[in-house]
Amino acid sequence: MNIHEYQAKELFQRFGVASPKGLPADTPEEAEKVATDLKTSHLVVKAQIHAGGRGKGVFKNGLKGGVRLCSSPAEARELAQNMLGHFLVTNQTGPDGRLVRKVMVAESVEIQREVYFAILMDRETGVPVVVVSTEGGVDIETVAEKSPDKIYREKVPPLLGMQPYMALKLARQLEFSGDQLKAAAKLIQNVYKLFSTLDCSLVEINPLVVTKSGEVLALDAKFEFDDNALYRHPEIVAMRDENEEDPREVEASKFSLNYIGLDGDIACLVNGAGLAMATMDIIKYAGGRPANFLDVGGGASEEQVTEAFKILISDKNVKAILVNIFGGIMRCDVIAQGIINAVRAVTLPVPLVVRLEGTNVDQGKKLLTESKLPIRAAADLAEAAKLVVAAARGA
Amino acid sequence: MSILVNRNTRLLVQGITGQSGAFHARGCMEYGTNVVAGVTPGKGKQSFDGKVPIYDTVSEARKQTGSNATMIFVPAPFAADAILEAADAGIELIVCITEGIPVMDMMRVKEVLRTSKSRLIGPNCPGIITPGECKIGIMPGYIHKRGNVGVISRSGTLTYEAVWQLTQRGYGQSTCIGVGGDPIHGTSHLDAVKMFAEDAETKALILIGEIGGSGEEEAAVWIKTNLKKPVCAFIAGATAPPGRRMGHAGAIVAGSSGTAAAKIEAMKAAGIAVAETPATIAETLIKVFKN
């Protein structure tokens, strides 16, 4: 799950992580008020969308940059006027851009030095790892490639957590000293507290800056949360912005379907995540392009299968559908009945190829044949892929 | 021979009175697994289906029944605790089927298990089966057949696909183990490969992997210098978009790491035969097995 920059700032405030002052605004008037309350002539107005590359983006109305500096509340209001309700196109949004519904107005700081700081859950070692680098403000993968010696990694003992001495050590690694050393160490400890309390899988602060007045501030941050732990963080779930998500995925999540939209034209419905990925792969191998990932899980109900079909056919790019089921615990006759009911409930606008295997497969196939529905049955996975690719091409 | 489980395995089921726990406990019993105890706090002294005694805690169950393996069906918010309880009671093999355990919880479990004698399989896995002897998990028993191929995989249905292909072609399995789809798990691909390497009955291996992490690469590096048995691999997720979690919590390409291409490359570099599609896993193995 992703969150907006202004929401990240709220979390920083809650955990005592210093960052520049700023608040979100839904209207130009609000933006002006926020700017007035900040009592500074160093202001920045930032479009709040989930996609990156905002600074270099261009609005469809011609405004250049989703992150703009200004020096008065009136200017902030005008910038907000030109951002709110307009589409921002960045290198990550695609050509349609993303509708800006909120801006953040914040104090802009004068930067003396930029460093990199991140905590991530390292799956190889199974412990949190802190990554720091004096090369801040640039993509860390670029630093890793060009000057790997500038990156320092330190494991955090899971049962102890971040101890004060570790935070000091890391702050020294980032070449902080004097009062700034203490401020940086405190910030590092507080970020770790946030990371572990909120079940993050990543908190990346890039850059962490020292301002000309000597403050140590988290300027920009990226958060990733562990979806498995969201049940115990309702305040994070409340930050979800469905406007930023693929509408097909929002719909699927209502029915607990594991769906990810892609840009191909062959839809697929599969039981099990591994087999669902493998099905996408074999479609591509057979010369087609998958339109989605969809795992209906081990115990999908008839209702879920019907809803899944509705989502698949709501995608106008879809030219054919492949159902690939390996019935283990899930019986093929039950699945077949689910498919038949679903196809009867929705008028099927495209060809459907079904491959069933496993428990009660013969009864399942019999049900499909007797239904007299226009379903093409495949004997195995390879044939299924061939049939569906041919069907998508109108064969 | 086989690895980890056989007819001497005495299984305990944590969460035996829950819907899934009960369903799959019955499935294992029907297959012939020796289920000796169930654990559900508050239901001690009751009996499951009139056949299996239920205990309040794992340590009581272990003391009374001598169980040496457990299958966990406890809901995700409480599953990490269930694993820790089993380890504390000294259960040798812990198979955790539960999906959706918070990573932070698994991190603490993993840390505790480093100094424990218990081995964890999973979580978020189909389980482990030695055909004809012992099934611990949710896999359909009948698709398996006893033989010489060891199968290691992260997922459920994709494994059934490979196993079924083998069985239909007359090739049986020594043991099939699902290591699970979560980013932090107990037994790794490499741990399983090493156990199969030492098992005399296992003459060939199938390794099924997917995007995310580097467990498959680690196994490949070890196989290259240490394993004399033929190996076939399949990696799922070549068409998965980066940065998206593909069903399994662990199946995600982060930046440039964990891609299917890198894993396939590592497999090929280790001399492993890589199946090009999921439909040709058994065929690919049989080809190298025969040579």
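Mentor: On a 1 Å grid over the protein atoms alone, a cavity is a set of points where a 1.4 Å probe fits but cannot get out; lining residues have an atom within 4 Å of a point. This is a predicted model: local features need pLDDT of at least 70, side-chain atom pairs count only at pLDDT 80 or more, and totals for chains, interfaces and linings use all residues. Residues are numbered from 1 along each chain as its sequence is written, chains are lettered from A and ligands numbered from 1 in written order, and side-chain values use heavy atoms, leaving out hydrogens and water.

Trainee: Which helix gives the most to the lining of the largest cavity?

Mentor: The largest cavity has a volume (space filled by probe spheres set on the points) of about 70 Å³. Its lining includes A:Glu5, A:Ala8, A:Lys9 and A:Phe12. With 4 residues, the main contributor is helix H1 (residues 5-14) of chain A.

Trainee: How many charged residues (Asp, Glu, Lys and Arg) has the lining of the second largest cavity?

Mentor: That cavity has a volume of about 60 Å³. Strand E8 (127-130), helix H5 (157-168) and strand E11 (173-178) of chain B each supply at least two lining residues. The lining divides into 7 nonpolar, 4 polar and, as for charged residues, none.

Trainee: How far apart are the end C-alpha atoms of helix H1 (residues 19-31) of chain B?

Mentor: Its buried residues (under 20% relative accessible area, 1.4 Å probe, protein chains only) include B:His24 and B:Cys28. At 1.5 Å a residue, its 13 residues should span 18 Å (1.5 Å times one less than the number of residues), and this agrees with the end C-alpha separation of 19 Å.

Terms used. Buried < 20%, exposed > 50% of the residue type's maximum accessible area, 1.4 Å probe, protein only. 1 Å grid on protein atoms, 1.4 Å probe; cavity = no way out; pocket = protein on both sides within 12 Å on 5 of 7 lines; lining within 4 Å. Nonpolar A, V, L, I, M, F, W, Y, C, P; charged D, E, K, R; others polar.
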